[in-house]
Amino acid sequence: MRKKIAVGVLGATGVVGQNYVRLLANHPWFEIKDMAASFRSAGKRYEEATSGKWLMDSGIPEILKNVVVRDVLDYENIPEEIQLFFSATELQDKEATREFEFAYAKKGYPVISNSSANRWTRDVPMVVPEINAAHLEILKIQQRKRALPASGFVAVKPNCSVQSYLVAIHALREAGYPVKEILVNTLQALSGAGYRGLTSPEMQATVSPMIPGEEEKTEKEPTKILGRLVNSEIVPDTSIIMSALCTRVPVIDGHTALVYLNFADRVPTLEQITRIWSEFKAEPQSLNLPFAPHPAIIVRNENDRPQVKLDVDNGNGMAITIGRLEKDKFFHIRFVALSHNTIRGAAGGAILTAELLVEKGYIKPG
Ligand code: NAP
């Protein structure tokens, strides 16, 4: 049995941070040994810092209740044993967040971030482990260019909603059916807006027809994720044209996407698509990583699936569930896809990325 890697969670008191606490409670490789948040929480015991705002169904693990929360900017008191940080926090602005993540990398820590701040930083990979594990190669260039210690780097997760359908589109491309145009309408859960989303009365029992900044991210991030690493750069794939309309719906967890797409040339049959998705496997599955879902994509044939209530926790919240695969009048096909936004789309996805980084030797257990 390998010795567990001591990890820290930055933003440990928020919705994504609480999900790290919950998901890492019994992780076979990682163990939380440090929790940090804003100055508001710093100096408090974790149980006290999350009092009245603990949102998980399970309680706080006993072993973490009395851990004293560190200020994320207090670099002096990082416990010596920490070997990896998961970051689920934003500072006052994107620039400050970008620098803060690299400040940890400069101290020799691998940082896997949920923030959007570094997603477009040229030498930072935006990772969906089933799609672009090859982009991790750029970390060597990041370390060299920035003169980081051999153990330090920043890798990021993409926006939470793209994960509901991008793995499915990647699977089709891999099978020889590249996609040309995608129209996507997202129905995004309240937890995607963090603590405020889950607790603001004005966001309950309504549909918010706009999520600021979300459509731009949804249309742009897939180009980098599906891009190719050429020489020392990730070259975005601009061959896919995307149009996104993103809404917030009164659902606790689970981002649903209504997807319409046109293929670039060959059009597979619905049976072929079902087979491609059902049989899809990538590195996380073949390496049998602890958080890899088996299967990665679940295809349902019933007309009333996927449904948040029935399907959001499929594959322990890491699987993508797809249904309503049909021909469309204006596009070649349409389908409905669902993933768990705070698990697959945030903490769980980052944990899977960390597992891949360990397996590929980028994070070396000390
Ligand atoms: P949240 O519930 O609002 O939690 C924010 C966390 O950041 C808290 O721990 C908070 O600490 C800390 N924080 C806030 N302002 C800070 C500051 N100025 N300096 C230091 N720490 C600060 O937000 P969340 O939903 O967990 O999201 C966290 C990050 O993940 C965001 O970048 C978000 O865009 C991203 N993300 C979220 C989701 C999702 O589904 N929710 C999915 C993907 C990505 P205090 O408690 O001490 O204030």
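The following exercises concern the ligand site and the unusual backbone geometry of a predicted model.

**Exercise 1.** Determine where the ligand sits and which domains give residues to the shell around it.

*Solution.* Begin with the pocket: the ligand occupies the largest one. Next, consider the domains. Residues of the shell come both from domain 1 (5–160 + 347–359) and from domain 2 (161–340), so the ligand lies between the two. Finally, turn to the helices. At least two shell residues each are supplied by α1 (15–23), α8 (194–199) and α13 (343–359).

**Exercise 2.** Describe the make-up of the shell around the ligand by residue class.

*Solution.* Taking a cut-off of 4 Å between heavy atoms, one finds 27 residues surrounding the ligand. The closest of these are T13, V16, S38, S41 and E90. Sorted by class, the shell holds 14 polar, ten nonpolar and three charged residues.

**Exercise 3.** Identify side chains that place an N or O atom within 3.5 Å of a ligand oxygen atom, and state how much of the ligand the protein covers.

*Solution.* Take the side chains in turn. For S38, a polar side-chain atom is 2.6 Å from an oxygen atom of the ligand. For E90, the distance from a side-chain N or O atom to a ligand oxygen is 2.7 Å. For T89, the corresponding distance is 2.9 Å. As for cover, the ligand on its own has 900 Å² of accessible area, of which the protein covers 81%.

**Exercise 4.** Locate the cis peptide bonds that precede P295 and P306, and assign each proline to its loop.

*Solution.* The bond from H294 to P295 is cis, its omega being near 0°. P295 belongs to the loop between α11 (283–286) and β12 (297–299). The bond joining R305 and P306 is likewise cis, with omega about 5°. P306 is found in the loop between β12 and α12 (308–311).

**Exercise 5.** Explain why the phi of N231 deserves attention.

*Solution.* Start from the general expectation: most residues other than glycine have a negative phi. N231 is not a glycine, yet its phi is positive, at about 50°. This residue is placed in the loop between β8 (228–230) and β9 (233–235).

Methods
Residues numbered from 1 in each chain as written. Predicted model: local features only at pLDDT ≥ 70, side-chain atom pairs only at ≥ 80, totals over all residues. Heavy atoms only, no water. Polar contact = N/O pair within 3.5 Å; in protein donor to acceptor, adjacent residues only side chain to side chain. Areas by Shrake-Rupley, 256 points an atom, 1.4 Å probe, with all protein chains shown as cover. 1 Å grid on protein atoms, 1.4 Å probe; cavity = no way out; pocket = protein on both sides within 12 Å on 5 of 7 lines; lining within 4 Å. Sits in = over half its atoms within 2 Å of the grid points. Helix = DSSP H or I, 4+ residues; strand = E, 2+ residues; numbered from the N terminus. Nonpolar A, V, L, I, M, F, W, Y, C, P; charged D, E, K, R; others polar. Domains from an automatic or database assignment.
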